[in-house]
Amino acid sequence: MNDPFHRAIHRPTRRLMLAGLAASALLATPLPALAFSGDDARGLIEKVIADIQKIIDSGKSDAAKLKDFERIFERYGDVPVIGQLVLGADGRSASAAQKRAFAEAFKIYISHKYGRRFREFIGGHIEIGKVRKVKRFYEVTTTTVFKGQAPFEVIYVVSEKSRKFIDMKIEGISLIKSERAEIGAMLDKRGGNLDRLIADLRKM
Amino acid sequence: MTLSQQIRFAAALLALALVSACAGANRPPPEGINDPNEVANRKVHEFNKAFDSAFFGPASNAYGKGVPAPVRARVQDFAANISLPSLIVNQLLQARLDDAGHNFSRLLLNTTLGIGGLFDVASDVGLEERTTDFGETLHVWGLGEGNYVVMPFFGPSTSRDAVGTVVDFFTNPLTYTLPGGRRYVPTAAGIVARFGDRYTYASTIDDLMYNSEDPYTTMRLFYLDSRRYELSGGESGDDLYDIYEEAYE
């Protein structure tokens, strides 16, 4: 094994083998995720706003528009997290299937509720302002301008982890916080029956 | 008071404002709900709701349907313009001289080119209204919001902002200086504009007052959060971030 001939032949092979080993090790370890920046958060909300504008200008029927709003929540919103946050302490005893069903029902309910509001945005336009990092979240500020009305702010809260939005604050009023109160009251009215609430939300 | 006494009094007040203005602004917004008089507040809330469904809502609807939109817009613009002196007084008391100057330019432009305030030409050149009130002045002076209060007719407020609402009946110099019956014009215009607002935002207001599960709680949350956001210049409390973090525990 020590003769020069043998070494000369085997060195490249060994080197190749080592290289191959390193390469496969590299492939096996998950690549470190690229950091999600403030610009990425802004990019996400730019897409959300472009889609909202498209819906408003589409001239589709109201029912079709509401369906499109649902899709915005699906594509850019962290639906499971939004569901979990809205349910809050009431969701602790829920099963995984119930949580999923609630998040899905809430998505339909909220996109219809807010979709009806956004329909009033005809003639207005939305601008993106500053982006601010707070803890593990980005706040993307948007300003909606209507002719003859004071402009108002909508802040989207984007999660660094899921890279989707988890809340919307309209002039300081958080969707999560207000819906948490609303859903809590609805649940109380149904004697704490989550399944009944889920069924009702889908129809609202 | 003679004129020179009045001027000296105003100067003293302004100096006081400049000193105390540094105390209150830029504090973190308060959190939580402070509503020790909920039972009484709920009674006033029910009264306001009854007043709205019996009179204010239907009357606003009649006004909105009966008066053409362009005419209503002139009323809104006129009322907003004639209330500007009150905003300017408050902004001087808050030592926010740039806002006061901004609104003063707006007043000049709309009163002249805008034909006595009937047309809001100032907004078109970037001089949009910068609103304020005496409740904000008290905030800037360092007064905390106090308890949640539901005022008859005016609706959601706080101890501090309720005082502000009452004081603001007296902060418009035009109500002292206009001759004869005209001194009532700013107040009257303000009331008519309220009907216009009720009509314009009917669906939002109806949703809030009649279609939500517990309108009292919802209105309390909406008022406190939006008011705190407004006074803090666009900050929200940390409590919200505690809620968000729950999802990632």
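The paragraphs below lead through a predicted model of two chains, A and B, beginning with each chain as a whole and ending with the contact between them.

Chain A is a good place to start, and its secondary structure comes to 7 helices and 5 strands. Read from the N terminus on, the elements of chain A follow the pattern α-α-α-α-α-β-β-β-β-β-α-α, a string in which the five strands follow one another and have helices on either side. Of the 204 residues in chain A, 28% are buried. If one takes the contacts in chain A with a separation of 6 or more, 53% of them join residues that are 24 or more positions apart.

The strands of chain A build an open sheet of 5 strands in the order β1-β2-β3-β4-β5, and their pairing is antiparallel. At the edges of this sheet stand β1 (125-134) and β5 (173-174) of chain A, and because each has a single partner strand, one side of each is left without a neighbour in the sheet. As a general point, the strands of a sheet pair through backbone hydrogen bonds, and they do so in either a parallel or an antiparallel sense.

Two pairings can be followed residue by residue. Strand β3 (residues 152-159) of chain A is joined to β4(A) by 5 bridges, and the two run antiparallel; within β4(A), Phe165(A) is the bridge partner of Val158(A). These two strands, β3(A) and β4(A), form a hairpin with 5 residues between them, and in the turn Arg163(A) has a positive phi of about 60°. Strand β4 (residues 165-170) of chain A then pairs with β5(A), again in the antiparallel sense, over 2 bridges, and here Lys169(A) has Ser174(A) in β5(A) as its bridge partner. Between β4(A) and β5(A) there is a hairpin with 2 residues between the strands, and Glu171(A) in the turn has a positive phi of about 50°.

After the sheet, a helix shows how burial can be arranged. In helix α7 (residues 194-203) of chain A, the residues Leu194(A), Leu197(A) and Leu201(A) are buried. Seen down the axis of α7(A), the buried residues fall within an arc of 55°, so they line one face of the helix. An α-helix has 3.6 residues a turn, so residues three or four places apart point the same way. On the other side of α7(A), Asp195(A) and Lys203(A) are exposed, while the cover over the buried residues of α7(A) includes α5 (96-118) and α6 (175-189) of chain A.

Where do buried nonpolar residues gather? The largest nonpolar core has 43 residues, and those with the most contacts inside it are Ile45(A), Ile82(A), Phe106(A), Tyr156(A), Val157(A) and Val158(A). Helix α2 (residues 38-57) of chain A gives the most to this core, with 8 residues. Apart from this core lies another one of 8 residues, among them Leu84(B), Ile88(B), Leu93(B) and Leu107(B). Returning to Phe106(A), and not counting residues up to four places away in sequence, one finds that this residue touches Ile82(A), Gly83(A), Val86(A) and Leu201(A); Leu201(A) is also one of the buried residues of helix α7(A). In soluble globular proteins, nonpolar side chains tend to be buried together.

Chain B has a secondary structure of 12 helices and 2 strands, and its elements run α-α-α-α-α-α-β-β-α-α-α-α-α-α from the N terminus on. Buried residues make up 31% of the 249 residues in chain B, and among the contacts in chain B with a separation of 6 or more, 68% are between residues 24 or more positions apart. One residue to look at here is Tyr63(B), which lies in helix α2 (residues 38-66) of chain B. Is Tyr63(B) buried, exposed or partly exposed? Because a residue needs 20 or more neighbours inside 10 Å to be buried and 12 or fewer to be exposed, Tyr63(B), with 16 C-beta neighbours inside that distance, counts as partly exposed. Leaving aside neighbours within four places in sequence, Tyr63(B) is in contact with Phe195(B) and Tyr199(B).

Finally, the two chains meet in a contact that takes 24 residues from chain B and 27 residues from chain A. On the side of chain B that touches chain A, the elements that give two or more residues are α11 (215-231) and α12 (239-246) of chain B, and the largest share, 9 residues, comes from α11(B). The residues on this side of chain B divide into 10 nonpolar, 6 polar and 8 charged.

How values were computed
Residues numbered from 1 in each chain as written. Chains lettered and ligands numbered in written order. Predicted model: local features only at pLDDT ≥ 70, side-chain atom pairs only at ≥ 80, totals over all residues. Contact = placed C-beta atoms within 7 Å. Helix = DSSP H or I, 4+ residues; strand = E, 2+ residues; numbered from the N terminus. Nonpolar A, V, L, I, M, F, W, Y, C, P; charged D, E, K, R; others polar. Pairing = 2+ DSSP bridges. Core = buried A, V, L, I, M, F, W, Y, C linked by C-beta atoms within 7 Å. Arc of directions from axis to C-beta.
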